[in-house]
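Please read the following alongside the sequence and the coordinates. The text goes from individual charged pairs to the contact between chains.

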Amino acid sequence: MIAALAGFFLWRGRILTDDTQESGKKILRFNGFERFAHWMTATCFIILSLSGLNYIFGKRLLMPLIGPEAFGALAQWAKYSHVYLAWPFMLGVVIMVGLWLKDNIPNRIDWAWIKAGGGFIGHGHPHAERFNAGQKGVFWMVAGFGAAMGVTGLMMLFPFALLDINGMQVMQVIHSLIGVVFIVGILAHIYIGTLGMKGAYDAMGSGEVDLAWARAHHDLWVEEQQAKTASGPQFTGRHPAPAE
Amino acid sequence: MKAFAAAIIAAIALGVLAMYALTSNQTFAYQAFATSGARVSEPGVNLVGPKWNGLPVLGEANDAAHGKAEGEASHPKRS
């Protein structure tokens, strides 16, 4: 996946935003609590990913490099972190679903966004509300895979509570397979949120993004926000309805 | 940055809480899943005895639990 992302970056380059008169002005994209929930989940996910991969590949890939004693200590701490940080991760997923569910319901605008290539192909920026179809895909992936990883993980964390040994083995296989796909999906999310798109990281970094960036990537959301704000410019009707 | 720092602190705090909660309810496998037939990981009473060294060869290490093995020692195949 990393190689695929590197190839995409070499082909597409960084997605940029043209400067406009609105450049330099800021608009709040995620408040403090939203960023808190995101980063708690994200940091736990990274540790869960690495410790989870260590369960499967560590003995064959890592132990020959660092030796059995170092690997033994590392694997033990990885196991602790995997079992204990699963809880803030699950809580974070629940919070994020609660925060962003209403903005992630698929609609016709998303279909238009997908048909336009989402801005990845070419240099245009299709219309989008607070979250575009790609971001909605990430949201539902995190919600679905997060729930699946939580349930299968709990079945292993509490052995024989609900399942017998065969059931737990099935849970382990499902947990591992979804985990690998989950990591691949989140790698793509990290890419587009940092290296792949200029200005995207600010949304989760400081919480504020450049107004020109927001207008380019989430024009319908900007208009909605400005319509709510008495001091901001009102809806201009510059864009046709995206579903038309 | 404040949100990020708070997230890290919260993750660690919740992890520690989870550790105490899980550890307080944890029992050894031989306690939780003991049967009258076989007990696993109960030192001194289990099938392999307290001095089992993990080697797959019957010999002196198992004498305390099973007594001296008689006859020719078997040689289990390694898979």
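Salt bridges in chain A

A:K102 and A:D103 form a salt bridge, with their closest N and O atoms 3.4 Å apart. The model is a predicted one. With a relative accessible area of 66%, A:K102 is exposed.

A second salt bridge runs between A:K136 and A:D110, where the closest N and O atoms are 2.7 Å apart. A:K136 belongs to helix α5 of chain A and A:D110 to helix α4 of chain A, so this pair ties together parts that are 26 residues apart in sequence. Is A:K136 buried or exposed? A:K136 is buried, at a relative accessible area of 4%. A:D110 is buried too, and its relative accessible area is 7%.

A third pair is A:R130 with A:E34, whose closest N and O atoms are 3.0 Å apart. This salt bridge links distant parts of the chain, since A:R130 sits in the loop between α4 and α5 of chain A while A:E34 sits in helix α2 of chain A, 96 residues away. A:R130 and A:E34 are both buried. Salt bridges with shared partners join A:E34, A:K102, A:D103 and A:R130 into one network. Over all chains, a search of the whole structure finds five salt bridges. As a general point, side chains of opposite charge can pair when their charged atoms come close.

Two further places in chain A

Helix α9 of chain A covers residues 219-228, and its buried residues are A:D219, A:L220, A:W221, A:V222, A:E223 and A:Q226. What do the buried residues of α9(A) pack against? They pack against β1 (26-28), α4 (108-115) and α8 (211-217) of chain A.

The backbone at A:F160 deserves a look. Most residues other than glycine have a negative phi. A:F160 is not a glycine, yet its phi is positive, at about 65°. This residue is found in the loop between α5 and α6 (165-193) of chain A. A:F160 counts as partly exposed because its relative accessibility is 41%, which falls between the cut-offs of 20% and 50%.

Chain B

Chain B has three helices and zero strands, and along the sequence its pattern reads α-α-α. Of its 79 residues, 14% count as buried.

Helix α1 of chain B, residues 2-24, allows a check on its length. At 1.5 Å a residue, its 23 residues should span 33 Å, and the end C-alpha atoms are 33 Å apart, which agrees. Within α1(B), the buried residues are B:A3, B:A7, B:A10, B:A11, B:G15, B:A18 and B:L22. An α-helix has 3.6 residues a turn, so residues three or four places apart point the same way. What covers the buried residues of α1(B)? The cover includes α2, α3 and α5 (133-157) of chain A.

The contact between chain A and chain B

The size of an interface is often given as the accessible area lost when the parts come together. Here the area buried between chain A and chain B is about 1,200 Å², and carbon and sulfur atoms give 85% of that area. Three residues, A:F36, A:W39 and A:Y84, supply 40% of the area that chain A buries against chain B, more than any other three residues. Chain A brings 18 residues to the contact and chain B brings 15 residues.

How many salt bridges does the rule find across the interface of chain A and chain B? The rule finds zero salt bridges there. It also finds zero residue pairs in polar contact across this interface, where both residues must be at pLDDT 80 or more. On the side of chain A that touches chain B, the elements giving two or more residues are α2 (32-66) and α3 (68-100) of chain A. The largest share of that side, seven residues, comes from α2(A). By type, the residues of this side of chain A divide into 14 nonpolar, three polar and one charged.

A:T43, in helix α2 of chain A, shows one point of this contact in detail. Leaving aside residues up to four places away in sequence, A:T43 touches B:F4 and B:I8. The side chain of A:T43 reaches the backbone oxygen of A:W39 at 2.8 Å. A:T43 counts as buried because its relative accessibility is 17%, under the cut-off of 20%.

How values were computed:
Residues are numbered from 1 along each chain as its sequence is written. Chains are lettered from A and ligands numbered from 1 in the order in which they are written. This is a predicted model: local features need pLDDT of at least 70, side-chain atom pairs count only at pLDDT 80 or more; totals for chains, interfaces and linings use all residues. Side-chain values use heavy atoms; hydrogens and water are left out. Contact means heavy atoms within 4.5 Å. Buried area is the accessible area (1.4 Å probe) that two parts lose on being put together, summed over both. A salt bridge is a side-chain nitrogen of Lys or Arg within 4 Å of a carboxyl oxygen of Asp or Glu. A polar contact is a pair of N or O atoms within 3.5 Å; within protein, one must be able to donate a hydrogen and the other to accept it, and residues adjacent in sequence count only if both atoms are side-chain atoms. Helices (H or I, at least four residues) and strands (E, at least two) are DSSP runs, numbered from the N terminus. Ala, Val, Leu, Ile, Met, Phe, Trp, Tyr, Cys and Pro count as nonpolar, Asp, Glu, Lys and Arg as charged, and the others, Gly among them, as polar. The expected span of a helix is 1.5 Å times one less than its number of residues. Buried means under 20% relative accessible area, exposed over 50%, partly exposed in between (1.4 Å probe, protein chains only).
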